[in-house]
Amino acid sequence: MTRSYAGVVTDAPVPRDTPLPPRTPDLESLRLLVLVAELESLGRAAGRLGISQPSASRRLTTLERGLGLVLVDRTRRGSRLTLAGRVVAGHARRVLDELDDLLAGAGRLRDRREAELRVAASLTIAEYLLPAWIGELRARRPELYIGLRVTNSAHVPELVESGEADIGFIEGPHLARVMSTRQVAEDRLVVVADPGHPWARRREPLTARELSRTPLVLRESGSGTRQTLDRALHLAGCSRARALVELGSTTAVRGTVVAGTGPAVLSELAVRRDLDDGLLIAVEVAGVDLTRELRAVWPTGRRLVGPAAELVTVARRTRTARRAAGPSAG
């Protein structure tokens, strides 16, 4: 015969696949049991936890019932743990130590999250908008470290989903992944050519078909600018843009157009000064909508908190201020 810790005599060993007790012990009951083991007094353990002795006694009774074990011998001389109680208290102490480690580790991660922000952004946003957003955020939180990864819009969601970035900013109309998004700004693409190009002297707007059939200086596939242009031409019933040259940055495209290689479609943010200075000429296009939304992205199901949420708020507030200031702002 075997005797269980509860003092019940049985004729057969407990099978290995015995299911767990239906009631999982709560942490405060485990703390109480450990204190009883250390102080050898239910009253002193209750006082340490700031509860009454009857409440502590009820809590231990509930724990015993949930585990199916007698844990404490209650006598007039005090409360002492049974053999089962000492074994369970040892397990409980390890559980509580692990919990303390978990909470301490979570605190360190939280402190680190609050002290740094990793951002992934498309080239246009990174070059023309993020500096102002980051500057405002840093003015309020000078201790914050901000790291920026600059890539094309197609790659930004990968960095955010993998955890390499806390927040991403894209300019393309398409997302290859299902993600949470929030619009933070608007942008408009413009067709530009150097002053010597025939388009610079046109009196009539270009047609969508002319734009789609003319080889252009283009950003690489996957860039938000390229995605927006191809989508606009598709909606206008035309084929995708044809590439005269494909380049990996807005700055390279702009310089190539200024050099007279050919026309391009670029963000108004990137060419505004060149248009004002006469280095580039904006070419009107009929029947093609080249406006686009600039969006923040983060994984679905993940709550936006801390510096990432603050940066999105700064970006949206800047957008509101630009709207209020009118078309000439920026």
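This report describes the nonpolar cores, the aromatic pair, the salt bridges, the cavity and a few individual residues of a predicted model.

## Nonpolar cores

In soluble globular proteins, nonpolar side chains tend to be buried together. In this model the largest nonpolar core holds 34 residues, and the members that touch the most other members are L117, L130, W133, I167, F169, V184 and L311. Several elements of secondary structure each supply at least two residues of this core: the strands among them are β5 (116-121), β7 (167-170), β8 (179-193) and β13 (291-299), while the helices are α5 (123-128), α6 (130-140), α7 (156-161) and α12 (306-325). Helix α12 gives the largest share of the core, with 5 residues. Apart from this assembly there is a second, separate core of 21 residues, which includes L42, L60, V72 and A92.

## The aromatic pair

A pair of aromatic rings is described by the distance of the centres and the angle of the planes. The structure holds 1 aromatic pair. Its rings belong to W133 and F169, whose centres are 5.3 Å apart and whose planes stand at 55°, so the pair is tilted. Because W133 lies in helix α6 and F169 in strand β7, the pair ties together parts that are 36 residues apart in sequence. Both residues also appear among the members of the largest nonpolar core that touch the most other members. W133 is buried, with a relative accessible area of 2%, and F169 is likewise buried, its relative accessible area being 0%.

## Salt bridges

Side chains of opposite charge can pair when their charged atoms come close. The count for this model comes to 15 salt bridges, and the table lists three of them.

| Acidic residue | Basic residue | Closest N and O atoms |
|---|---|---|
| E38 | R93 | 3.9 Å |
| E268 | R188 | 3.1 Å |
| E220 | R219 | 2.9 Å |

The salt bridge between E38 and R93, with its closest N and O atoms 3.9 Å apart, links distant parts of the chain, since E38 belongs to helix α1 (residues 27-39) and R93 to helix α4 (residues 83-115), 55 residues apart. E38 is partly exposed, at a relative accessible area of 49%, and R93 is partly exposed at 31%.

The side chains of E268 and R188 meet in a salt bridge at 3.1 Å, N to O. This pair, too, links distant parts of the chain, with E268 in helix α11 (residues 268-277) and R188 in strand β8, 80 residues apart. E268 counts as partly exposed at 25% relative accessibility, and R188 counts as partly exposed at 39%.

What is the burial state of E220 and R219, which form a salt bridge? Both E220 and R219 are buried, and the closest N and O atoms of this salt bridge lie 2.9 Å apart. Elsewhere, R141, E143 and E310 are linked in a network of salt bridges.

## The cavity

Rolling a probe the size of a water molecule over the atoms shows where empty space is left. The structure holds 1 cavity of 30 Å³ or more, and about 40 Å³ of space lies in the largest cavity. Its lining consists of R23, T24, P25, D26, T62, L63, G66 and L67, and these residues divide into 3 nonpolar, 3 polar and 2 charged.

## Individual residues

Most residues other than glycine have a negative phi, and most peptide bonds are trans. E40 has a positive phi of about 55° although it is not a glycine. This residue is placed in the loop between α1 and α2 (42-49), and E40 is partly exposed, with a relative accessible area of 47%.

D194 is found in the loop between β8 and α8 (208-213), where D194 is buried, with a relative accessible area of 12%. Along the chain D194 and G262 are 68 residues apart, and their C-alpha atoms are separated by 7.7 Å.

R231 lies in helix α9 (residues 224-235) and is partly exposed, with a relative accessible area of 42%. R231 and V288 are 57 residues apart in sequence, and their C-alpha atoms are 9.7 Å apart in space.

Conventions
Residues numbered from 1 in each chain as written. Predicted model: local features only at pLDDT ≥ 70, side-chain atom pairs only at ≥ 80, totals over all residues. Heavy atoms only, no water. Core = buried A, V, L, I, M, F, W, Y, C linked by side-chain atoms within 4.5 Å. Buried < 20%, exposed > 50% of the residue type's maximum accessible area, 1.4 Å probe, protein only. Helix = DSSP H or I, 4+ residues; strand = E, 2+ residues; numbered from the N terminus. Phe/Tyr/Trp six-rings, centres within 6.5 Å; stacked < 30°, edge-to-face > 60°. Salt bridge = Lys/Arg side-chain N within 4 Å of Asp/Glu carboxyl O. 1 Å grid on protein atoms, 1.4 Å probe; cavity = no way out; pocket = protein on both sides within 12 Å on 5 of 7 lines; lining within 4 Å. Points joined across faces, edges and corners; volume = space filled by probe spheres on them. Nonpolar A, V, L, I, M, F, W, Y, C, P; charged D, E, K, R; others polar.
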